[in-house]
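Me: I would like a close look at a single part of this model, with its contacts followed outward into the neighbouring elements. Please take it step by step, in connected prose.

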Amino acid sequence: DVHVLEPVARAYKENLPDPIYKGIGNFFSNLQYPSFLVSDIIQGKFEQALDHTGRFLVNTTVGLLGFIDVAKDIGLPNHEEDFGIALAYHGVPAGPYLVVPFWGPTNVRDGIGSIVDGFLNPIGWVGYTNLDSGTKLAIAAGALGLRIVNTRAGLLQGIETAKESSVDYYLSIQGAYYQYRHGLVTDGAEEEDEFDKEAPPARMPGTFTGVDSND
């Protein structure tokens with residue numbers, strides 16, 4: 001991350017026009033629709049599933065394959081969901097906290113959820129097309145690499161702040177991760193629930209407060 005990914009992400013963001021940078025982020029967000037929909041259905045959030053479906057249809061058509069978030073401007077907000085959230089909703093324990101190279105902070109439950117989300121992502125469906133194997137590999141690898149760089153570019157300011165202001169950077173990121181996932185699992189509810197108790201008692205959130213969003 002220090003010697004390769006961060007410098008590439010910084011050059012990517014500094015040299016790419018802001019509308020294109022945001023558009024690429026919107027494009028990858030739009031591709032998460034199948035994962036969002038499955039998570040909505042598993043949790044019984046059918047109204048939210050309609051919102052996600054409306055967002056996908058509007059952004060894919062009027063929004064030029066999702067590069068422009070038109071749906072946000074017509075009252076269809078984005079509700080972030082994934083399979084890990086659906087597992088948490090049904091009481092699956094988080095398991096140990098993990099830091100995976102090129103993946104970042106996660107836990108066993110969210111890691112399994114991310115694998116399922118990967119299968120649901122339309123980019124992976126390229127493997128089932130009639131294209132030759134070399135073209136399939138180039139498309140999949142190129143899309144994955146671009147998504148990783150774009151995501152890392154969105155985290156530049158947040159991670160830099162965490163490194164500069166945290167007594168213990170590892171624990172700061174760990175605490176920020178638990179807070180972020182708690183907000184998603186509880187839909188922003190303030191009350192303590194079982195998810196709170198999954199976090200290590202010695203965690204230190206530090207002053208890490210978030211990321212540079214593509215929105």
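Is leucine 65 buried or exposed, and what is its relative accessible area?

Reply: The model is a predicted one, and what follows should be read with that in mind. Leucine 65 is exposed, at a relative accessible area of 52%, and the place of this leucine is in the loop between helix 4 and helix 5. Because the cut-off for calling a residue exposed is over 50%, the value of 52% puts leucine 65 in that class.

Leucine 65 also belongs to a nonpolar surface patch of about 380 Å², which is made by Leu64, Leu65, Phe67 and Ile68. Of these, phenylalanine 67 is partly exposed, with a relative accessible area of 36%, and its ring leads to another element. Phenylalanine 67 forms a stacked aromatic pair with phenylalanine 27, the centres being 4.9 Å apart and the planes at 15 degrees to each other. Since phenylalanine 27 lies in helix 2 (residues 18-30) while phenylalanine 67 lies in the loop between helix 4 (46-61) and helix 5 (70-73), the pair ties together parts that are 40 residues apart in sequence. Phenylalanine 27 is itself partly exposed, at a relative accessible area of 23%. By the same ring-centre rule, the count comes to eight aromatic pairs, and elsewhere ring pairs link Tyr97, Tyr170, Tyr177 and Tyr178 into a cluster.

The loop between helix 4 and helix 5 has a charged contact as well. Aspartate 69 forms a salt bridge with arginine 55, in which the closest N and O atoms are 3.2 Å apart. As aspartate 69 lies in this loop and arginine 55 in helix 4, the salt bridge ties together parts that are 14 residues apart in sequence. Both aspartate 69 and arginine 55 are buried, whereas leucine 65, in the loop between helix 4 and helix 5, is exposed.

Following the chain to the elements on either side, one finds a salt bridge between the side chains of glutamate 81 and lysine 45, at 3.0 Å from N to O. Glutamate 81 lies in the loop between helix 5 and helix 6 (83-89) and lysine 45 in the loop between helix 3 (33-43) and helix 4, so this pair ties together parts that are 36 residues apart in sequence. Both partners fall in the buried class, glutamate 81 at 2% relative accessibility and lysine 45 at 15%.

Helix 2, which the phenylalanine pair joins to the loop, has a salt bridge of its own, where the side chains of lysine 22 and aspartate 18 meet at 3.3 Å, N to O. These two residues both lie in helix 2, four residues apart, or about one turn of the helix. Here the partners are partly exposed, with lysine 22 at 33% relative accessibility and aspartate 18 at 40%. A search of the whole structure finds ten salt bridges, and Asp1, Glu6, Arg10 and Arg152 are linked in a network of them.

Taken together, the loop between helix 4 and helix 5 holds the exposed leucine 65, a phenylalanine whose ring pairs with one in helix 2, and an aspartate that forms a salt bridge with an arginine of helix 4.

Methods:
Residues are numbered from 1 along each chain as its sequence is written. This is a predicted model: local features need pLDDT of at least 70, side-chain atom pairs count only at pLDDT 80 or more; totals for chains, interfaces and linings use all residues. Side-chain values use heavy atoms; hydrogens and water are left out. Rings of Phe, Tyr and Trp (its six-membered ring) pair if their centres lie within 6.5 Å; planes under 30 degrees apart count as stacked, over 60 as edge-to-face and the rest as tilted. Buried means under 20% relative accessible area, exposed over 50%, partly exposed in between (1.4 Å probe, protein chains only). Patches are made of residues with over 30% relative accessible area and no salt bridge: like charges are joined within 9 Å, nonpolar side chains (Val, Leu, Ile, Met, Phe, Trp, Tyr) within 5 Å. Accessible areas come from the Shrake-Rupley method with a 1.4 Å probe; for residues, only the protein chains shown count as cover. A salt bridge is a side-chain nitrogen of Lys or Arg within 4 Å of a carboxyl oxygen of Asp or Glu.
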